[in-house]
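Subject: Structure handover

Hello,

Here is the structure you are taking over, with its sequence. My notes on what was found come after it.

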Amino acid sequence: MIQGAGDGLLDELSALALEAARAAGELLLARPDHLPVDTKSSPTDVVTAMDRRSEELLVSRLLGARPDDGLLGEEGGQRLGTSGVRWVVDPLDGTVNYLYGHPVWAVSVAAEVDGQPAVGVVHCPAVAETYVGVRGRGAWRLAGDGRRALQVGRPPELAAALVGTGFGYTEQRRQSQGRVIGAVLPRVRDVRRVGAASVDLCWVADGRLDAYWEKGLKPWDLAAGQVVATAAGAQVMGLRGMPAGEELVLAAAPGLAGPLHDLLCDLGADED
């Protein structure tokens with residue numbers, strides 16, 4: 001356990017996360033005209049050379065500054081540490097958006113302290129916005145020269161809520177998710193599919209979505225955005241008393257999380 005893990009450590013981690021995420025964002029903005037593409041778990045689960053280059057940069061920056069830390073990265077970067085701090089990084093969240101030239105994609109960098117989420121940075125280079133959350137301090141959006149504190153407001157009723165979701169990669173999971181979204185859609189204002197889980201979570205914090213749910217998120221999909229959302233006052237949870245994780249992630253302002261949770265339970269949203 002880290003002794004005296006207080007403001008000084010959180011300052012150091014948040015500054016380093018922000019610097020590394022911005023450096024990776026600059027790298028990704030300078031994408032080549034021809035972008036080699038591979039697939040991972042299915043033909044729709046893509047990875048590019050830029051994902052890997054971004055992760056290499058993040059590993060170099062983070063562990064170069066703090067060599068005793070641990071790290072978990074989407075593209076295979078993994079090491080145990082001895083400091084009590086572990087970085088969890090998604091070097092390019094929203095790869096399909098990036099591949100097609102859509103602007104909503106992000107570099108996601110989180111720091112855990114003694115196994116607990118402490119700092120989250122979600123940097124969206126193509127729209128020049130960055131979300132930062134720090135445990136116990138709050139969350140904010142950086143854009144241009146401005147900094148806006150984030151605090152979830154009083155949510156609408158479920159029937160008037162704008163909700164976000166995402167889809168998995170396998171045919172079976174997509175069929176299940178299609179069934180669920182078909183049943184949710186008549187019960188809410190509308191549904192958005194952004195294509196980057198870290199951004200969805202930050203948009204709940206920012207009021208651009210009233211709620212978000214998704215099945216199948218990995219730790220790097222969730223880590224930074226969860227810190228931002230919870231630091232802004234949102235509830236981030238699983239279903240049926242489970243914590244947020246691969247079985248399901250639900251994020252919403254208090255007051256909306258319960259009704260959406262019950263609806264998703266009734267629909268078996270955590271089942272394939």
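In this predicted model, strands β3 and β5 run parallel and are joined by 4 bridges. Leucine 71 has tryptophan 87 in β5 as its bridge partner. As background, strands of a sheet pair through backbone hydrogen bonds, and the pairing can be parallel or antiparallel.

Both strands belong to an open sheet of 8 strands with mixed pairing, in the order β4-β3-β5-β6-β7-β8-β9-β10. Its edge strands are β4 (78-79) and β10 (146-150), each of which pairs on one side only.

Two helices pack on this sheet. Helix α2 lies across β3, β4, β5 and β6, at about 155 degrees to β5. Helix α5 touches β5, β6, β7, β8 (129-134), β9 (138-143) and β10, and its direction makes about 100 degrees with that of β7.

Two residues around this sheet are worth a look. Arginine 66 sits in the loop between α2 (49-65) and β3 (70-73). Is arginine 66 buried or exposed? Its relative accessible area is 13%, so arginine 66 counts as buried, the cut-off being under 20%. Apart from neighbours within four places in sequence, arginine 66 is in contact with Leu9, Glu12, Leu13, Leu16, Ser83, Val85 and Trp87.

Aspartate 114 is in the loop between β6 (106-113) and β7 (116-124). With a relative accessibility of 33%, aspartate 114 is partly exposed. Its C-alpha atom is separated by 11 Å from that of tryptophan 87, although the two residues are 27 residues apart along the chain.

There is also an open sheet of 5 strands, again listed with mixed pairing, in the order β12-β11-β13-β15-β14. Strands β12 (190-192) and β14 (235-237) stand at its edges with a single partner strand each, so one side of each has no neighbour in the sheet. On average, neighbouring strands of this sheet are turned by 20 degrees against each other, direction ignored.

Strand β14 pairs with β15 (residues 249-252) in the antiparallel sense, over 3 bridges. Valine 236 stands opposite alanine 251 in β15. Helix α5 (residues 197-206) packs on this sheet too, touching β11 (162-165), β13 (211-214) and β15. The direction of α5 makes about 155 degrees with that of β13. Helix α7 (residues 257-267) lies across β13, β14 and β15, running at about 150 degrees to β15.

Helix α7 also packs with helix α4 (residues 171-184). The angle between α4 and α7 is about 130 degrees, and their axes are 10 Å apart. The two helices are therefore oblique to each other. Residues Arg179, Val180, Ala183 and Val184 of α4 meet Leu263, Leu264 and Leu267 of α7. The crossing of α4 past α7 is right-handed.

Last, the cysteines. A disulfide is a covalent bond between the sulfur atoms of two cysteines. How many disulfides does the count give? The count comes to 0. Why does cysteine 124 have no such bond? The closest cysteine sulfur, in cysteine 202, is 6.7 Å from the sulfur of cysteine 124, which is too far because the sulfur atoms would have to be within 2.5 Å. Cysteine 202, likewise, is in no disulfide. Both cysteines count as buried: cysteine 124 has 4% relative accessibility, and cysteine 202 has 0%.

Regards

How values were computed. Residues are numbered from 1 along each chain as its sequence is written. This is a predicted model: local features need pLDDT of at least 70, side-chain atom pairs count only at pLDDT 80 or more; totals for chains, interfaces and linings use all residues. Side-chain values use heavy atoms; hydrogens and water are left out. Two strands pair if DSSP finds at least two bridges between them. Axes are lines fitted to C-alpha atoms, for helices over the stretch in contact, and angles run from 0 to 180 degrees between N-to-C directions. Contact means heavy atoms within 4.5 Å. Buried means under 20% relative accessible area, exposed over 50%, partly exposed in between (1.4 Å probe, protein chains only). Angles under 35 degrees count as roughly parallel, over 145 as roughly antiparallel, 65 to 115 as roughly perpendicular and the rest as oblique. A crossing is left-handed if the near helix is turned anticlockwise from the far one by less than a right angle, and right-handed if clockwise.
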